[in-house]
Amino acid sequence: MIIKILYLGLKKNKKNNEQVFYQKNLNDEILAMLYLKEENEEINLKTITYEKQKRIKIGTLKLSEKCRNQRLGEGAIGIALWEWQKFDSNQIYVTIFDKQQTLIDIFIKFGFTIAGRKANNELVLIKDKNNLNYETPFTSFPYINPNTKNYGVLAINDYYHDQLFPFSQLKRNSLDVDAIVAGNGFTKTFIGFPRNQLPVTEGDVVFLYRKCMKGKKCFESVITSYCSITNLEYFNKNEEKSFESFLEKVKNRTVFSRDELKGFYDSRNYFVIIDLLYNGFFGVGNNVNYAYLKTEGLFYTHPYSISYSKEDFIKILEKGKTNVQNVIID
């Protein structure tokens, strides 16, 4: 089977409580592999022993040198945490040698803490649902901070939505080359053109509204996903900010090509750049359509101006057939 990128190449083999995800390129070479295993045993370290309990172990996370700068390390760790979220298991852990410092840094960014070292000097990194760190959206990922007060909506044209948020597609579609790197990672960059400042800011949560450009708006324009805002900046070209400084901010986290970005820069004076962390999605058949939102008074103005309460957020999650306790741990 030919696979283009990790999230489409999510080949899962489950046997003896083990799961393997891998990606192949067009030459059928394996570029990335993620191996997860369910365990129920002690973790013996040099200075402490962690008692026997049900855990998920990241047994293998390998990335080919050909994947450098393709954001697959972040993507693989995100997938591992999504899988852990589904399990009745409080802890997920990984053993890793010091030479893999880049991966260690990503694990720590995503809330893993150093538990100690094994006899062979491997580091052991653990994340626990009972002790989540809400300092940043990354450290608590995939869970949402229960103290979040502001929730909003970002409307994205269907084509760009599917390129940037591949798990949230209404169906599996092929992707453009420009979208591959942006789609691999779990951090995304959204570029919008609001008239006024948004009702949300860094640390808040937004739903992604997939705006259908053809067909029936009421049933094909849908909320598919939810993300945490990790950074938000209003970019005013009139403040003598160059195109290169704009390009530096969006980097490889957006699906737009350099030419498209240059077009935005040349034609607009004011826009917002929002860095998002892809916390979760509803899945095919569970998306929440415009008709429901309108009927329930949840789509009462332009999406940029919509402000939801926590109760509204939970209501939409439940409509999307999402277990709220798997999103917000109170």
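**Exercise 1. Decide whether K321 is buried, partly exposed or exposed, and state where K321 sits and what its phi angle is.**

Start with the accessibility: K321 is exposed, because its relative accessible area is 65%, where buried means under 20% relative accessible area, exposed over 50%, and partly exposed in between, with a 1.4 Å probe and protein chains only. Next, place K321 in the chain: K321 belongs to the segment after α10 (310–319), with helices (H or I, at least four residues) and strands (E, at least two) taken as DSSP runs and numbered from the N terminus. Finally, read the backbone: phi of K321 is near 60 degrees, which is positive in a residue other than glycine.

The model is predicted, so local features need pLDDT of at least 70 and side-chain atom pairs count only at pLDDT 80 or more, whereas totals for chains, interfaces and linings use all residues. Residues are numbered from 1 along each chain as its sequence is written, and side-chain values use heavy atoms, with hydrogens and water left out.

**Exercise 2. Describe the backbone at N121 and at the bond from F141 to P142.**

N121 has a positive phi of about 80 degrees although N121 is not a glycine. N121 is found in the loop between β6 (113–117) and β7 (123–128), and with a relative accessible area of 34% N121 is partly exposed. Turning to the proline, the peptide bond from F141 to P142 is cis, with omega near 10 degrees, and P142 lies in the loop between α3 (137–140) and β8 (151–157).

**Exercise 3. Identify the largest nonpolar core, and say which helix gives the largest share of it.**

A nonpolar core is a set of buried Ala, Val, Leu, Ile, Met, Phe, Trp, Tyr and Cys residues joined through side-chain atoms within 4.5 Å. The largest such core has 51 residues, and those with the most contacts inside it are I58, F107, L154, L198, I274 and L276. Helix α1 (residues 72–86) supplies the largest share of this core, seven residues. A second, separate core has 23 residues, including V153, Y308, V324 and I328.

To see the surroundings of one core residue, take I58: leaving out residues up to four places away in sequence, I58 touches L34, Y35, L36, A80, I92, Y93, V94, F107 and F112, a contact being heavy atoms within 4.5 Å.

**Exercise 4. Check the length of α1, its burial and its packing against α2.**

First the length: at 1.5 Å a residue, the 15 residues of α1 should span 21 Å, and the end C-alpha atoms of α1 are 21 Å apart, which agrees; the expected span is 1.5 Å times one less than the number of residues. Then the burial: 14 of the 15 residues of α1 are buried, so α1 is largely enclosed by the rest of the structure.

For the packing, the axes of α1 and helix α2 (residues 101–109) come within 10 Å and cross at roughly 45 degrees; axes are lines fitted to C-alpha atoms, for helices over the stretch in contact, and angles run from 0 to 180 degrees between N-to-C directions. The two helices α1 and α2 are therefore oblique to each other, given that angles under 35 degrees count as roughly parallel, over 145 as roughly antiparallel, 65 to 115 as roughly perpendicular and the rest as oblique. G73, E74 and I77 of α1 make the contact with L103, I106 and F107 of α2.

**Exercise 5. Classify the packing of α7 and α8, and place E244 within it.**

Helix α7 (residues 243–250) and helix α8 (residues 258–267) pack at an angle of about 125 degrees, with their axes 11 Å apart, and α7 and α8 are therefore oblique to each other. In α7, the residues F243, E244, F246, L247 and V250 meet R258, L261, K262 and Y265 in α8. E244, which lies in helix α7, is partly exposed, with a relative accessible area of 47%. From C-alpha to C-alpha, E244 and K262 are 9.5 Å apart in space, while in sequence they are 18 residues apart.

**Exercise 6. Work out the surroundings of T230 and Y234 in strand β11.**

T230 lies in strand β11 (residues 222–236), and at 17% relative accessibility T230 counts as buried. Its contacts, leaving aside neighbours within four places in sequence, are P137, F138, E202, D275, L276 and L277. Y234, also found in strand β11, counts as buried at 19% relative accessibility. The C-alpha atoms of Y234 and F271 are separated by 5.9 Å, although these residues are 37 residues apart along the chain.
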